Amino acid sequence: MQTSQSPLSLQHAYRGRRRWVLGVLAVAGLTLIWRAVDLQVLDKAFLQSQGNARFLRLVSEPAHRGMITDRHGEPLAISTPVDSVWANPQELIESRESWRKLEKLLGMKSRSLERLLANKRDKEFVYLKRRVSPDVAARIMALKVPGVALAPEYKRFYPAGEVAAHVVGFTNVDDKGQEGMELVFDDRLKSIAGKSWVIKDRYGRVVENVERVSDPQPGEDIALSIDRRLQYLAYRELKAAVKNNRADSGSVVIVDVHTGEILAMVNQPAYNPNNRYRLKSGDLRNRAVTDVFEPGSTIKPFTVAAALETGKYNAHTAVDVRPGYLKVGRKIIRDFRDYGVIDVSTIIQKSSNVGASKLALSISPKHLWNTFASVGLGTDSGSGFPGEPSGLLTDFGAWRDIQRATVSYGYGLSVTALQLARAYAALATDGRPLPSSFVPRDLAQAAELSTYYQPVLSKKSLLSVRGMLETVVKKQGSGTRAAVPGYRIAGKTGTVKKFGGGGYVEDSYLALFAGIAPASDPRLAMVVIINEPRGEKYYGGAVAAPVFSRIMAGALRMMDIPPDSLPITVKQAVLDMQSIKQSKMPDRRVAMLGEAP
Amino acid sequence: MNKTGLLVVVVLAVLVSAIAVIEVKHESRKRFVELRALEKTRDAMNVEWGQLQLEQGTWGTHSRVERLARNKLHMVMPEMNAVVIVKSPL
């Protein structure tokens with residue numbers, strides 16, 4: 001008998017199965033939906049942050065530090081992009097076989113990488129070497145070592161090298177100014193790195209820029225008042241002079257008398273700012289600004305100017321300096337020899353200490369002090385150079401006769417080379433000491449600044465003193481070797497006994513020359529200091545004056561300052577524009593170079 | 001009927017916008033790659049510029065110019081009596 005199930009019972013049997021299947025599907029669907037909600041809504045923040053932590057990176061884009069140039073735009077400090085090699089120790093530690101190659105390329109000692117990695121095992125970033133040259137960087141990347149990458153950075157170069165090292169200064173490994181102008185103008189020179197969020201893949205490649213937080217901002221370029229040509233000339237001559245005289249150190253400062261700008265400032269010993277490994281701390285000092293000394297005879301023009309200003313004296317007033325020494329209190333002031341009865345002008349020309357003392361003792365201490373102070377002695381130069389001391393000029397109230405006398409020939413007060421140059425610049429103009437400046441300044445700015453100063457010396461006295469200073473470099477003067485052919489030079493020698501160990505040291509001298517050129521219409525003031533010359537000669541007229549002459553000759557020519565005292569033998573011509581247009585260029589050209597050292 | 005029509009329009013609009021999103025995303029990736037390449041070129045040029053500047057600085061050092069002028073070109077400082085001072089008529 002055939003059994004047949006009714007459709008109804010069949011339907012009944014499948015209904016259960018269908019429900020069961022649907023139920024399972026529904027549960028599966030709901031589970032998926034729940035999971036989706038869980039991921040997308042409930043855990044979203046957590047997951048997103050985890051994802052970002054793995055791929056989203058804040059990277060910085062370095063910008064370059066501003067350039068430092070001289071007054072004509074010649075670079076003195078430039079930043080150029082270079083690469084720094086860094087590694088992720090956790091990855092690099094795995095590839096032991098490439099360590100040796102890396103060490104070789106990076107110039108590291110063998111096994112030093114192993115130690116470094118062992119120390120930084122738990123870090124994710126370590127610099128292997130900062131600022132490598134582009135070809136080394138390329139060779140490192142060619143090795144394709146996992147965990148080693150490049151980071152762009154900037155390296156500071158100083159094209160002028162040691163010639164401008166003291167003025168320009170340098171930066172540290174983090175591009176922060178440490179010395180000189182790099183330090184003074186750090187705020188304006190420094191760059192601000194840009195920041196942006198990027199997505200990086202597993203290999204550290206940037207695949208997407210998400211957001212730029214800030215743009216990279218390069219630093220400002222700064223022009224200095226320095227003239228690189230004068231700087232080089234001064235450096236070359238000073239270096240030769242310090243070497244030839246076996247001196248300890250030396251400085252030269254050249255300032256523009258009308259603006260107070262520093263055109264050149266060099267020192268010995270110097271250092272190469274591009275390679276500072278063997279640096280001695282003494283080399284770092286910008287001696288022209290930071291070192292004080294007693295100015296000795298170079299101060300006499302101001303003493304004489306003070307005397308002239310009283311009206312009691314003129315250039316030809318006779319002063320008796322016999323017998324070549326003068327007793328003040330218990331001290332004896334001596335001259336080099338007995339000059340007899342001489343006029344005021346000869347006191348300067350021969351540099352008579354007795355004469356200067358007699359002048360100083362015959363005028364009021366207050367007036368002498370005022371004169372010195374009015375040209376900026378005893379204060380800082382206003383240059384803003386880090387570490388500049390103010391000079392020393394004790395109050396006249398405490399001066400006894402002996403102080404009045406010694407201060408008249410430059411002992412018992414102290415200045416820096418820059419402060420002395422500033423005082424001579426005041427002497428060269430209207431008696432107002434413009435603050436010194438390392439940045440360019442035009443005549444209008446200078447004129448405004450000069451209104452803050454009250455001159456004590458009249459035009460007449462200044463002119464008269466400048467005339468006396470001209471006799472110094474003429475025949476019979478103490479500084480004949482400072483003369484520059486074709487130009488009138490006004491200047492003063494100085495030979496200062498150095499003070500140390502509780503008294504003045506025998507056979508330890510400072511040779512000085514301070515001067516102005518051209519004397520008929522002064523443009524430049526310059527101070528030359530040679531510290532402790534150990535040659536046969538040690539006095540300023542023999543050691544410092546020739547340096548002055550060579551540098552000043554070059555400086556006047558480079559600055560296009562016309563000669564004011566040409567011998568009649570020099571040919572002069574007047575340009576005839578018409579004939580120049582018709583003729584060809586002359587084929588004889590003359591080289592314009594400084595004298596051979 | 002009206003409702004179905006609206007639905008069709010909305011669905012189509014969603015599709016179009018989805019495709020547009022893909023398109024824009026693709027375009028932005030392409031542009032980004034381009035930007036990276038340009039930035040790389042710029043960096044390379046910056047490097048070169050810096051090196052050229054330094055090279056110029058090295059070749060143009062005053063001491064080198066002076067040495068060449070004196071020793072190679074035999075240039076000298078003219079004597080005072082070899083100089084003619086020219087006064088400009090202007």
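What follows is an exchange about the cores of chain A and the form of chain B in a predicted model.

Local features here need pLDDT of at least 70 and side-chain atom pairs count only at pLDDT 80 or more, while totals for chains, interfaces and linings use all residues. Residues are numbered from 1 along each chain as its sequence is written, and chains are lettered from A in the order in which they are written.

Reader: What makes the 129 residues a nonpolar core?

Author: The term stands for a set of buried Ala, Val, Leu, Ile, Met, Phe, Trp, Tyr and Cys residues joined through C-beta atoms within 7 Å, where buried means that 20 or more other C-beta atoms lie within 10 Å of a residue's own, with C-beta atoms placed from the backbone. Among the members touching the most others are Val253(A), Tyr424(A) and Val528(A). Helix H21 of chain A, residues 540-558, gives the largest share, 11 residues.

Reader: Which residues is Val528(A) in contact with, leaving aside its neighbours within four places in sequence?

Author: With C-beta atoms within 7 Å as the criterion for contact, they are Val252(A), Leu512(A), Phe513(A), Ala544(A), Val547(A) and Phe548(A). A second, separate core has 13 residues, including Leu92(A) and Ile140(A).

Reader: How do you know that chain B is not a compact globule?

Author: The radius of gyration, taken over C-alpha atoms, is set against a globule rule of 2.2 Å times the number of residues to the power 0.38; for 90 residues a compact globule would be near 12 Å, but chain B has 35 Å. Its C-alpha trace spans about 110 × 40 × 15 Å along the principal axes, and 1% of the residues of chain B count as buried.

Note on methods. Buried ≥ 20, exposed ≤ 12 C-beta atoms within 10 Å, placed from the backbone. Helix = DSSP H or I, 4+ residues; strand = E, 2+ residues; numbered from the N terminus. Contact = placed C-beta atoms within 7 Å.
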